[in-house]
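Dear colleague,

I am passing on to you the structure shown below, together with a short account of what was found in it. Please read the account alongside the sequence and the 3D view.

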Amino acid sequence: KVTDAKIAAVVTRTLEKKPVGATHWSTRSMAQASGLTQNAIVRIWRAFGLKPHPRENFKLSTDPFFVEKVRDIVGLYLNPPEKTRAVVLCVDEKSQIQALDRTQPGLPMKKGRLGTMTHEYKRNGTTCLFAALEILQGKVIGQCFTRHRHQEFLRFLRRLDAEFPGDVALHLVMDNYGTHKHPNVQAWLKRHPRFVCHFVPTSSSWLNLVERWFGELTSNATNF
């Protein structure tokens, strides 16, 4: 019989201890350590919502102006300026994109069978994608370069300057990557005052909406 004391012992051991030579408990190792069956461990973990095997990643920002920066950027998202007065662009780079060709053709998907592709591939080099997401209309302006330096970023800023002619203000949401704060970049921005930079807090690239577009690009276009 599985008593309340044994259940409490399993829960306590799951939460407070680790098995010898392993990073987390399995039903088999917990059953061996507690003297219960695997089915009993499964029922106990399920009843208490315990899942020792999965992990969630997190990263806390230490930016002292975290709240102020979040309010600034979220304010641009929720209440963007009229296009006749200003444009909000989320800017970032996706580096080291690999151009791969499979060495053999795969088989197409059929009823009851998954599509296949060989695990061997031919490398065709890498590229770096600079992208700017115009949040009001969802338009993306992109340009690929072979390198990821401040020189390439300056070329991309000139591209944005040409894409939006006139005196309309361009609000750029960017992360704190060194390329964005290079002295030559800062000097160029001073000569072009219509570019207004909004830097996300440190360790908070998730706040930049273009990252969501990069995620779609990765899952739908570059993972194969």
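The notes below take up a helix pair, a single helix and then a single residue.

Please bear in mind throughout that this is a predicted model.

The helix pair consists of H1 (residues 4-16) and H3 (residues 38-48), whose axes come within 10 Å and cross at roughly 70 degrees. The two helices are therefore roughly perpendicular to each other. At their contact, Ile-7, Val-10, Val-11 and Thr-14 of H1 meet Ile-41, Ile-44, Trp-45 and Phe-48 of H3. Of these residues, seven are nonpolar, one is polar and none is charged.

The single helix is H4, which covers residues 66-78. From first C-alpha to last, H4 reaches 18 Å, close to the 18 Å expected for its 13 residues at 1.5 Å a residue. Val-70, Ile-73, Leu-76 and Tyr-77 of H4 are buried. Viewed down the helix axis, these buried residues fall within an arc of 130 degrees, so they line one face of H4. They pack against strands S1 (86-102), S4 (169-174) and S5 (195-199). On the other side of H4, Arg-71 and Leu-78 are exposed.

The single residue is Leu-160, located in helix H5 (residues 150-163). Leu-160 counts as buried because its relative accessibility is 0%. Leaving aside residues up to four places away in sequence, Leu-160 touches Leu-89, Val-91, Ala-132, Ile-141, Leu-170, Leu-172, Arg-194 and Phe-195. Between Leu-160 and Gly-142, the C-alpha to C-alpha distance is 9.6 Å, with 18 residues separating them in sequence.

With kind regards

Definitions and conventions. Residues are numbered from 1 along each chain as its sequence is written. This is a predicted model: local features need pLDDT of at least 70, side-chain atom pairs count only at pLDDT 80 or more; totals for chains, interfaces and linings use all residues. Side-chain values use heavy atoms; hydrogens and water are left out. Axes are lines fitted to C-alpha atoms, for helices over the stretch in contact, and angles run from 0 to 180 degrees between N-to-C directions. Helices (H or I, at least four residues) and strands (E, at least two) are DSSP runs, numbered from the N terminus. Angles under 35 degrees count as roughly parallel, over 145 as roughly antiparallel, 65 to 115 as roughly perpendicular and the rest as oblique. Contact means heavy atoms within 4.5 Å. Ala, Val, Leu, Ile, Met, Phe, Trp, Tyr, Cys and Pro count as nonpolar, Asp, Glu, Lys and Arg as charged, and the others, Gly among them, as polar. The expected span of a helix is 1.5 Å times one less than its number of residues. Buried means under 20% relative accessible area, exposed over 50%, partly exposed in between (1.4 Å probe, protein chains only). The arc is that of the directions from the helix axis to the C-beta atoms.
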